[in-house]
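Welcome! Here is a short tour for anyone meeting this structure for the first time. Take a look at the sequence and the model, and then we will walk through a few places to visit.

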Amino acid sequence: MTTNPAVRIGADIGGTFTDIVLETPDGRYSTKILTTYDAPERALLQGIEQLLGEAHLFPGDVGLVVHGTTLATNALIERRGARTALLTTQGFRDVLDLGTESRFDQYDIGMEKPAPLVARRLRLGVPERIAADGAVLLPIDEAAVRAAAQSWAADGIESVAIAFLHSYANDSHERAAARILAEELPGVSLSLSSEVSPEMREYERFSTTVANAYVQPLVDHYLRRLDARLHDMGFACPLFLMLSSGGLTTVDTAARFPVRLVESGPAGGAIFAASIAAERGLDQVLALDVGGTTAKICLIDKGKPQSSQMFEVGRVHRFRKGSGLPLRIPVVEMVEIGAGGGSIAAVDAAGRLTVGPHSAGSEPGPAAYGRGGARPTVTDADLVLGRIDPAAFAGGMVTLDRAAADGALAGLGLWDGQAATLAAGVSEIVDETMASAARVHAIEQGQALEGRTLIAFGGAAPLHAARVAEKLGIDRVIVPRSAGVGSAVGFLRAPVAYEVARSLPQRLDAFDFEAVNAALTEMEARATAVVATGAGGRPCGQTRLCLARYCGQGYEIPVPLPARPLAPGDERLVLSAFEMVYRDQYGGVTIDMPIEILTWRLSVWTEAEAMAPIAEIAGGALVPPPAVRAVLDPASGTLRDYGLFDRAALSPGDRIAGPALIAEPETTTLVSPLFDAMLDPGGCIILIRRVAEGAAS
């Protein structure tokens, strides 16, 4: 049977729900299924079978499967990865403990740092030394490497991270060590820092390599198992994995570098929001992705999500920056907080109501799920407020128990156990948490929120987006079609892409064009080889940039480069680009100081399909609500009659006066009393503030 390129599946395994989307020439099918922690692929395959049945298709008809998963992230956070060891330069095994010696809370004398993924006794150093320029100062002691391997064999080590000093400049010692370990420890996974993160700064490079080694056996086994199951079911199409950078890659590459998957789901959401913004010609967007476990907030400018080269996982202090394990990987720039449908409400030591960051997940889940959960969550609060139809939650896959939600909220013991009042408090706290996170993120990025459009997706975001917009002073909210499974849809909009980085220090006033061009040529070949495997003959483009700074500064800024070999005279082009970026970020430039480039980055990507623009249309007449339901409005503390609408019954141009609830299988959009709504030609719900001057408190 011949596959159809127009039939594609996107699957996102989240902390609470597994979202699956099937796109066909005749339409889009989607479902949400509770994530099965013991075997994540079980829920995924169940959802795929369900959607194929609904579409009357067979596995052989599918032309592409794209998958994103939290498997690597959860393994790092929950510390349930492989038994891992670290081989490093003698005298440097404590780099993972020392870190950068910075304190994320300088006034907390009891400050706790995240524990290294590898215990100290399993971190061994061997005599060898590479200079910063790549020269061999001390040959590697191969006997010491073999002795380390024998020690680890007795400890049952499953994976080894190899990270030597300055190996980004010369990887010969790491490769020699890998050859010896492969002989001495057959079957053990090996991660080389010169492959995983060939960049300067030992702590970040060591941490990234160890994280890759820690999750590699787990992710590799899972991906091979999933690939085999899909093949057994009759799928003949490729399986691609979503990367944290917003691109797609093959199973082989993902299994080799699983650390690049840690933010795959949120990256898909950012791609989804960017496609919605591009269709509507929106230059400034705030994307809000709220699922069952977390809320993700991302700024999108001119149709592209902001990107970063650093990510922290497993923060030990309320998601505070600097309190997690640093990973130097290409990633979509966003803030992630513990504010989702499953976020647990509790009373702290001071008797105050708090929400998150801990989540009930899918097992046992919120109290209303009836799966053993007893602690109240945001979903329980939304149910008690009247926002959710208990019989239609997650497309009817889960029937909610209102009495259980009431009991869990009353059990908090505040306000005489009045569940509705507590539910309003929970909703206000989680909405303010998201709004505050958006404000801080915008400030950290040197951006403003005024004039932006909020795009809300994920199972819980449409329920809370209007109130968050009120708090942020945003006047326009878009809830896309298939918002409840937005990340899975985003997977199908992503290009096949791969990024390679390499540290090669260069002074702009003493530029070695031959060395730089040789490095960029090698990087281009490596990235192109990865992309070509899954590109299927599609045309590719590339992006080049360097990380530069004034000499003596501690951090660099990304500077764009032309996608061609550099030639004498181009140093003036780099200088001009550097000063422009520096001025945009810091408000001015420093003159008469030399500039140095530390790291070079090159991305290769398949060209995306052109987005058909969606024109705005004038709204038609107001649609009267078929029914109403009493909903407690947290902003005013009063019960209001909210109109009830079925999204599938609405037509482009239909207008709805707030307050209202617009239900669909995967989510419900709440139109607050300050907003009206309209359905646009692309199927998006557009919320427009009725009173634009000033935000509600």
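The largest nonpolar core holds 207 residues, and those with the most contacts inside it are Leu87, Trp152, Val160 and Trp600. Helix H7 (residues 202-233) supplies the largest share of this core, with twelve residues. Please keep in mind that this is a predicted model.

**The cores**

- Leucine 87 is a good place to start: leaving out residues up to four places away in sequence, Leu87 touches Leu124, Val126, Val145, Ala148, Trp152, Val160, Ala161, Ile162, Ala163, Phe164, Ala177 and Leu181.
- Apart from the largest core lies another core, of five residues, and among them are Val631, Tyr642, Leu644 and Leu670.

**A four-strand sheet**

- Four strands make up an open sheet in the order E6-E5-E9-E10, with parallel pairing.
- Strand E6 (123-126) and strand E10 (189-192) are the edge strands, each of them pairing on one side only.
- On average, neighbouring strands of this sheet are turned by 20° against each other, direction ignored.
- Strand E9 (residues 159-163) and E10 run parallel and are joined by four bridges.
- Isoleucine 162 has leucine 192, in E10, standing opposite.

**Strand E11 and its partners**

- Strand E11 (residues 239-242) is covered on both faces: Leu239 and Leu241 are buried on one side, and Phe240 and Met242 are buried on the other.
- Strand E4 (residues 62-69) runs parallel to E11, and three bridges join the two.
- One pair to look for here is valine 65 with its bridge partner in E11, leucine 239.
- E11 also pairs with strand E12 (residues 248-250), this time in the antiparallel sense and over three bridges.
- Methionine 242 has leucine 248, in E12, as its bridge partner.
- The hairpin of E11 and E12 has five residues between the strands, and in this hairpin glycine 246 takes a positive phi near 100°.

**A closer look at alanine 55**

- Alanine 55 lies in helix H1 (residues 40-55).
- Is alanine 55 buried or exposed? Alanine 55 counts as buried because its relative accessibility is 14%, and the cut-off for buried is under 20%.
- Setting aside neighbours within four places in sequence, alanine 55 is in contact with Leu22 and Tyr29.
- Alanine 55 and glutamate 607 are 552 residues apart along the chain, and their C-alpha atoms are separated by 29 Å.

How values were computed. Residues are numbered from 1 along each chain as its sequence is written. This is a predicted model: local features need pLDDT of at least 70, side-chain atom pairs count only at pLDDT 80 or more; totals for chains, interfaces and linings use all residues. Side-chain values use heavy atoms; hydrogens and water are left out. A nonpolar core is a set of buried Ala, Val, Leu, Ile, Met, Phe, Trp, Tyr and Cys residues joined through side-chain atoms within 4.5 Å. Buried means under 20% relative accessible area, exposed over 50%, partly exposed in between (1.4 Å probe, protein chains only). Contact means heavy atoms within 4.5 Å. Two strands pair if DSSP finds at least two bridges between them. Axes are lines fitted to C-alpha atoms, for helices over the stretch in contact, and angles run from 0 to 180 degrees between N-to-C directions.
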